[in-house]
Structure formats: C-alpha cells, structure tokens
Amino acid sequence: MSAQTGELTDERLIQSTLTGDDEAFAALVVRYKRRILGIAARFTRSEAELDDLCQEIFIKVYRHLAKFRGEAPFEHWLSRIGIRACYDHLRKTRHDRNEMALDDVELACADDVSPKRAREVLDFALAKLSAEERLVITLLELEERTVEEIAELTGWSQSNVKIRAYRARRALRTILETHHER
Amino acid sequence: MNDDQLNNLFAAARKAQPDTKRTQFAFETRLLARLRAERDPGIAWWFWTRRLAPLFAAIVLGLGAWNFVALNEASTDWQSVIAGNHDDNETVALFDGQ
C-alpha cells in the first residue's frame, strides 16, 4: 500500500475506486478493516467465519459504492452495511448457536469476574437470544452505542430498539439464572 | 440475577475486546483476489478448473480401474458367453451368419 493512498481522503479513494483503481479500494479497506472486524467478531465464533463475513461486507461495499452520496461520513455508511450484514449472518446461523455449552455460571455472577470469563458467559447467553435481541444488546452494552445510533445503523425505530433491548436483558437474566440453578 | 449483576457482567466483558489481528493480516489482499476472480470470468474459470482437476482425475482413474477389473473378470470362453444367452438354434444361426 503506497504512502500516497494513505494520505488521500475517503472521497478521493472512492472516486478512484469507481474508475477501476483497485489500489484505492484496498486503501479504503486497510483504513476501516479493523473497525469492521472488531464489530463482526462479536457475532462470529471462528477466524474463518469472521474472515468470510467481513469479506462479504466489503464486497457489498464495493458493489454499492456508486450509491454512496457523501451526505454522511463514509464510515457511517460502511458501518450500516456492516451491521446489517452481521444481522443477516446471525439470522442464518442461529440454529448452529444453541449447542454452546458453559459450566460454572456462578463464577461469572461474582463481582470480580475476569473480562475473558465475562465474555464467555455472555457469549453463551447471547447465543440463545433472537438475532434482533442479540444485535441490539451487543451494540448497546458491548459496543456502547446509543439507541439513536443503533436505530440509524439498523434502520429500526428507536422505540423498536428500546423494546428489543428490554426483552434482551430480561431474556439474558432468565437464561443465566436458569443455567445457574441446574 | 439482578440488573446490577448483569451490568457488572457487561462492564467486565467490555474490557475483553475481540482480538482480530490474525484476520486483519493480509485481509485486503485476500479480498482483492476474490473480487478480481468474481470480475474476471476467465480467472474464475481457471481458478475452479485447477481446484477441481484432482477430483476429476481421481474419478477418471477410478472408472478406469473399475473397468479394467470388470473386463478381467469376464469369461474368455467366447462360445459359452455367446451360447449362454441363446438357445442352440440361435447360436448355430449366429455362427452361420444368418
């Protein structure tokens, strides 16, 4: 990747990509891959799955690049495509996720739970939510997005986002309590 | 589990950011290779031919081996082969060219 493409604005890189410059698109990908991979990693279980999902996201971006009007920053547009692709992925793979196992949920309820353990426990419980609930609660609590941002990213109304967040929290408490009692 | 406990769980999990360094490595290279393969049917055709060639070769070899074994098991007594499926009159007629 040349130093020159690293200095260009998103708009310049987009224009170059649309004229057939693959290096310009590669520069865009390098600029945003960490962000997209970081979000998508919350919804995948392996590196291969993550790689596939993120490739699909950037391929969609490439195919629809001509539709980007520049009314909002490119990063917002890219994130929207990414989030919706993650949602589609959750819907497609939900039936595979209910077989996750977890021991010792009690340890995770302690105040001094380690970050890694907390994440394992939450991954277990989140896998049992619907795709909509999982997406909303992950963006709200783990990505720390606001309700307004989530509504913008998903295309759902803010009241819909709030209702799904409420249901997700209630379902998570039930799942973790039920597992703890076994 | 109460709300506070769930909030504590989320707060702890937020500190465990997913590690994507390995997937990030050469990600754009893999992506561009895939895009180019999709754009250029010639490349795609060649790509899939190379990948499937060993499979086709294995099928051809398998069929050849099966055919070779089947032929070797066939009887070399031609008269009995021919006569086995015909009555005597038909067999004589066959040898007389009728």
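At what angle do helix 3 of chain A and helix 3 of chain B pack, and how far apart are their axes? Before we get there, a word on the model: it is predicted, so local features need pLDDT of at least 70 and side-chain atom pairs count only at pLDDT 80 or more, while totals for chains, interfaces and linings use all residues. Residues are numbered from 1 along each chain as its sequence is written, chains are lettered from A and ligands numbered from 1 in the order in which they are written, and side-chain values use heavy atoms, leaving out hydrogens and water.

Now to the helices. Helix 3 of chain A (residues 22–40) and helix 3 of chain B (residues 27–39) pack at an angle of about 140 degrees, with their axes 10 Å apart. Helices here are DSSP runs of H or I with at least four residues, numbered from the N terminus; axes are lines fitted to C-alpha atoms over the stretch in contact, and angles run from 0 to 180 degrees between N-to-C directions. That angle makes helix 3 of chain A oblique to helix 3 of chain B, a word for whatever is left once angles under 35 degrees count as roughly parallel, over 145 as roughly antiparallel and 65 to 115 as roughly perpendicular. Among the residues making the contact (heavy atoms within 4.5 Å) are A:Phe25 and A:Val29 from chain A and B:Leu31 and B:Leu35 from chain B. By class, this contact has 8 nonpolar, no polar and 6 charged residues, where Ala, Val, Leu, Ile, Met, Phe, Trp, Tyr, Cys and Pro count as nonpolar, Asp, Glu, Lys and Arg as charged, and the others, Gly among them, as polar.

Helix 3 of chain B also meets helix 4 of chain A (residues 47–63), at an angle of about 55 degrees and with axes 10 Å apart. These two helices are therefore oblique to each other. Their contact includes A:Gln55, A:Phe58 and A:Ile59 on helix 4 of chain A, with B:Phe27 and B:Arg34 among those on helix 3 of chain B. Here the classes come to 7 nonpolar, 1 polar and 8 charged residues.

Let's step back to the whole interface. In total, 44 residues of chain A are in contact with 30 residues of chain B. The two chains bury about 3500 Å² between them, 62% of it on carbon and sulfur atoms; buried area is the accessible area (1.4 Å probe) that two parts lose on being put together, summed over both. In chain A, A:Asp22, A:Gln55 and A:Arg169 lose the most area to chain B, together 15% of what that side buries.

Chain A has an internal interface too. Its domain assignment, with bounds from an automatic or database assignment, gives domain 1 (1–97) and domain 2 (100–182). Between them, 17 residues of domain 1 are in contact with 20 residues of domain 2, burying about 1700 Å², 55% of it on carbon and sulfur atoms.
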